[in-house]
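Okay, thanks for making time, everyone. I'll put the structure up and talk through its charged pairs and its packing.

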Amino acid sequence: MQLVVARIGRAHGIKGEVTVEVRTDEPELRLGPGAVLHTDPAERGPLTIETGRVHSGRLLLRFEGVRDRTGAEAIRNTLLIADIDPEDTPEDPEEFYDHQLVDLEVVTTEGVVVGRIEEIAHLPAQDLLIVRRADGGEVLVPFVAEIVPEIDLDEQRAVIDPPPGLLAEEGSE
């Protein structure tokens, strides 16, 4: 299975380094020197990480074969994709990979079926579960412990405790 782990940002300096927008909770595992990553668009890869360092709170990477600013700018906005074993799970039991959450049934703490998780949106402030209702509508559920107190992978279910108004149909208020 493939997992997007980062997006390449702007060039940093003149020796081929790039900033990276990390999209994994395990950058030390996925974005270390020697890692070979697929890319989107595919024709820009695969890319092998040569070096990595943190500078002013940003991860900087240099890839084999990218030696100057021009080469670094040519791969800007490329998604970096790692191959992972679908059976792997994050070390922290309170963390989940997107593929583990997609298609889980979503129910309230009272047992009312809301729908199924269609995708996860990774926003700067927090992640959102995009839930598709049976009627085709969509609900955006903040993926925080107060609202999503339980993820049960064995039962393939996410339990939510929605605050007032979260599940209200558009136009019904």
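**Salt bridges and cores**

So, let's start with a pair: Glu-118 and Arg-132, whose side chains form a salt bridge with an N to O distance of 2.9 Å. This one ties together distant parts of the chain, since Glu-118 sits in strand β8, residues 113-122, and Arg-132 in strand β9, residues 127-132, 14 residues apart. Glu-118 is partly exposed, at a relative accessible area of 36%, and Arg-132 is partly exposed too, at 28%. There's also a third partner here: Glu-118, Arg-132 and Glu-138 make up a network of salt bridges.

Before I go on, keep in mind that this is a predicted model.

Okay, next pair. Glu-17 and Arg-53 meet through their side chains in a salt bridge, at 2.9 Å from N to O. Again distant parts of the chain are linked, with Glu-17 in strand β2 (residues 17-22) and Arg-53 in strand β4 (residues 47-55), 36 residues apart. Now, is Glu-17 buried or exposed? Glu-17 has a relative accessible area of 8%, so that carboxylate residue counts as buried. Arg-53, on the other hand, is partly exposed, with 37%.

Then there's Arg-157 with Asp-152, a salt bridge at 4.0 Å, N to O. The cut-off for a salt bridge is within 4 Å, so keep that in mind when you look at this pair. Arg-157 comes out partly exposed at 28% relative accessibility, while Asp-152 is buried at 18%. The line for buried is under 20%. How many salt bridges are there by this rule? The count is eight.

One more arginine, and here the partner is a backbone atom. Arg-133 is in the loop between β9 and β10, where β10 is 138-142. A polar atom of the Arg-133 side chain lies 2.6 Å from the backbone oxygen of Leu-167. Arg-133 is buried, by the way, with a relative accessible area of 16%.

Right, on to the nonpolar side. In soluble globular proteins, nonpolar side chains tend to be buried together. Which residues touch the most other members of the largest nonpolar core? That would be Phe-63 and Leu-80, in a core of 22 residues. Strands β1 (2-12), β2, β4, β5 (58-63) and β6 (79-83) each put in at least two residues, and β1 is the biggest contributor, with five.

If you want to click on something, click on Leu-80. Setting aside neighbours within four places in sequence, Leu-80 is in contact with a list of residues including Leu-3, Val-5, Ile-8, Leu-37, Leu-47, Leu-61 and Phe-63. His-38 and Thr-39 are also among the contacts of Leu-80. Apart from this core there's another, with 17 residues, among them Phe-96, Val-106, Ile-147 and Ile-160.

Let me zoom out for the last bit. The chain has three helices and twelve strands, and its C-alpha trace spans about 55 × 35 × 30 Å along the principal axes. There are 173 residues, and 38% of them count as buried. If you take contacts with a separation of 6 or more, 47% of those come from residues 24 or more positions apart. And for the surface people: the chain exposes about 10,100 Å², with carbon and sulfur atoms supplying 48% of it.

That's what I had. Happy to rotate the view if anybody wants another look.

Technical notes: Residues numbered from 1 in each chain as written. Predicted model: local features only at pLDDT ≥ 70, side-chain atom pairs only at ≥ 80, totals over all residues. Heavy atoms only, no water. Helix = DSSP H or I, 4+ residues; strand = E, 2+ residues; numbered from the N terminus. Buried < 20%, exposed > 50% of the residue type's maximum accessible area, 1.4 Å probe, protein only. Polar contact = N/O pair within 3.5 Å; in protein donor to acceptor, adjacent residues only side chain to side chain. Core = buried A, V, L, I, M, F, W, Y, C linked by side-chain atoms within 4.5 Å. Contact = heavy atoms within 4.5 Å. Areas by Shrake-Rupley, 256 points an atom, 1.4 Å probe, with all protein chains shown as cover.
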